[in-house]
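Me: I've got this chain open on my screen and I'd like to talk it through. Could you take my questions one at a time?

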Amino acid sequence: SCICTRDDIMIYLINKGLPPSDSFKIMESVRKGKGLKPDWETLMRENSVPEWYIDSCKKIKYMFPKAHACAYVTMAFRIAYYKVHISAYVRIRSSIT
């Protein structure tokens, strides 16, 4: 288990039992690289959030939203498809003429 996107933080904390408003505030602070407030750490420990998760949240400097990560992956697939299928066609056509 790992923290991949900022959405993961909020969803994980809500699933652990933290109130959605606190989960959102924690996620926003962590994604901006501001870390955790002491009362948030206490709240996380009270809801059985593992220490490695709390330590990871303190170390994060910036996080992508899941939508941006998906958009970049989609664009990578499009570029790969173009390079394999379209650019090969263009090279074949240019070598014929």
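**Salt bridges and the overall fold**

Reply: Sure, and let's start with a side-chain pair: Glu 41 and Lys 58 form a salt bridge, with their closest N and O atoms 3.2 Å apart. Glu 41 sits in helix H3 and Lys 58 in helix H4 (residues 51-59), so the pair ties together parts that are 17 residues apart in sequence. Bear in mind that this is a predicted model.

Me: Which residues do salt bridges that share partners join into one network?

Reply: Start again from the bridge between Glu 41 and Lys 58. Salt bridges with shared partners build this into one network, and its members are Glu 41, Arg 45, Glu 51 and Lys 58.

Me: How far apart, N to O, are the side chains of Glu 41 and Arg 45 in their salt bridge?

Reply: Both residues belong to helix H3 (residues 38-46), and being 4 residues apart there puts about one helical turn between them. Their side chains meet in a salt bridge, and the N to O distance is 3.4 Å.

Me: Is Glu 41 buried or exposed?

Reply: The cut-off for buried is under 20% relative accessible area. Arg 45, at 37%, counts as partly exposed, and Lys 58, at 36%, is also classed as partly exposed. Glu 41 has a relative accessibility of 13%, so the label is buried.

Me: How many salt bridges does a search of the whole structure find?

Reply: We've already met Glu 41 with Arg 45, and Glu 41 with Lys 58. Another one is Lys 66 with Asp 8. Searching the whole structure gives a total of 6.

Me: How many residues apart in sequence are the parts that Lys 66 and Asp 8 tie together?

Reply: These two form a salt bridge whose closest N and O atoms are 3.5 Å apart. Lys 66 lies in helix H5 (residues 66-96) and Asp 8 in helix H1 (residues 6-15), so the bridge ties together parts whose separation in sequence is 58 residues. As for cover, Lys 66 is partly exposed, with a relative accessible area of 35%. So the sequence separation you asked for is 58 residues.

Me: Which residues does Thr 5 contact, leaving aside neighbours within four places in sequence?

Reply: Thr 5 is in the segment before H1. At 7% relative accessibility, Thr 5 counts as buried. Leaving aside those sequence neighbours, its contacts are Met 63, Phe 64, Pro 65, Lys 66 and Ala 69.

Me: What does Arg 31 touch, not counting residues up to four places away in sequence?

Reply: Arg 31 is in helix H2 and is buried, with a relative accessible area of 17%. Asn 47 is 16 residues along the chain from Arg 31, and their C-alpha atoms are separated by 21 Å. The residues Arg 31 touches, with that sequence limit, are Arg 6, Lys 61, Tyr 62 and Met 63.

Me: And Ser 29: which residues does Ser 29 touch, not counting those up to four places away in sequence?

Reply: Ser 29 is found in helix H2 (residues 20-31). With 12% relative accessibility, Ser 29 counts as buried. Beyond the four-place limit, Ser 29 touches Lys 34, Gly 35 and Trp 40.

Me: What radius of gyration does the chain have, when a compact globule of 97 residues would be near 13 Å?

Reply: The chain has 5 helices and 0 strands, so to speak in order from the N terminus, α-α-α-α-α. Its C-alpha atoms fill a box of roughly 70 × 20 × 20 Å along the principal axes. Against the value near 13 Å for a compact globule of 97 residues, the chain has 21 Å.

Me: How far apart are the C-alpha atoms of Tyr 82 and Leu 36?

Reply: Tyr 82 is found in helix H5 and counts as partly exposed at 44% relative accessibility. Tyr 82 and Leu 36 are 46 residues apart along the chain, and their C-alpha atoms are separated by 44 Å.

Me: What percentage of the 97 residues in the chain is buried?

Reply: Thr 5 at 7% and Ser 29 at 12% are both examples of buried residues. Over the 97 residues of the chain, the buried share is 30%.

Me: How far apart are the mean positions of the positive and negative charges?

Reply: The accessible surface comes to about 6700 Å², and 62% of that belongs to carbon and sulfur atoms. As for charges, the chain has 16 positive and 9 negative, and the distance between their mean positions is 14 Å.

Conventions. Residues numbered from 1 in each chain as written. Predicted model: local features only at pLDDT ≥ 70, side-chain atom pairs only at ≥ 80, totals over all residues. Heavy atoms only, no water. Helix = DSSP H or I, 4+ residues; strand = E, 2+ residues; numbered from the N terminus. Buried < 20%, exposed > 50% of the residue type's maximum accessible area, 1.4 Å probe, protein only. Contact = heavy atoms within 4.5 Å. Salt bridge = Lys/Arg side-chain N within 4 Å of Asp/Glu carboxyl O. Rg over C-alpha atoms; globule rule 2.2 N^0.38 Å. Areas by Shrake-Rupley, 256 points an atom, 1.4 Å probe, with all protein chains shown as cover. Lys, Arg positive; Asp, Glu negative; His and termini not counted. Charge placed at Lys NZ, Arg CZ, Asp CG, Glu CD.
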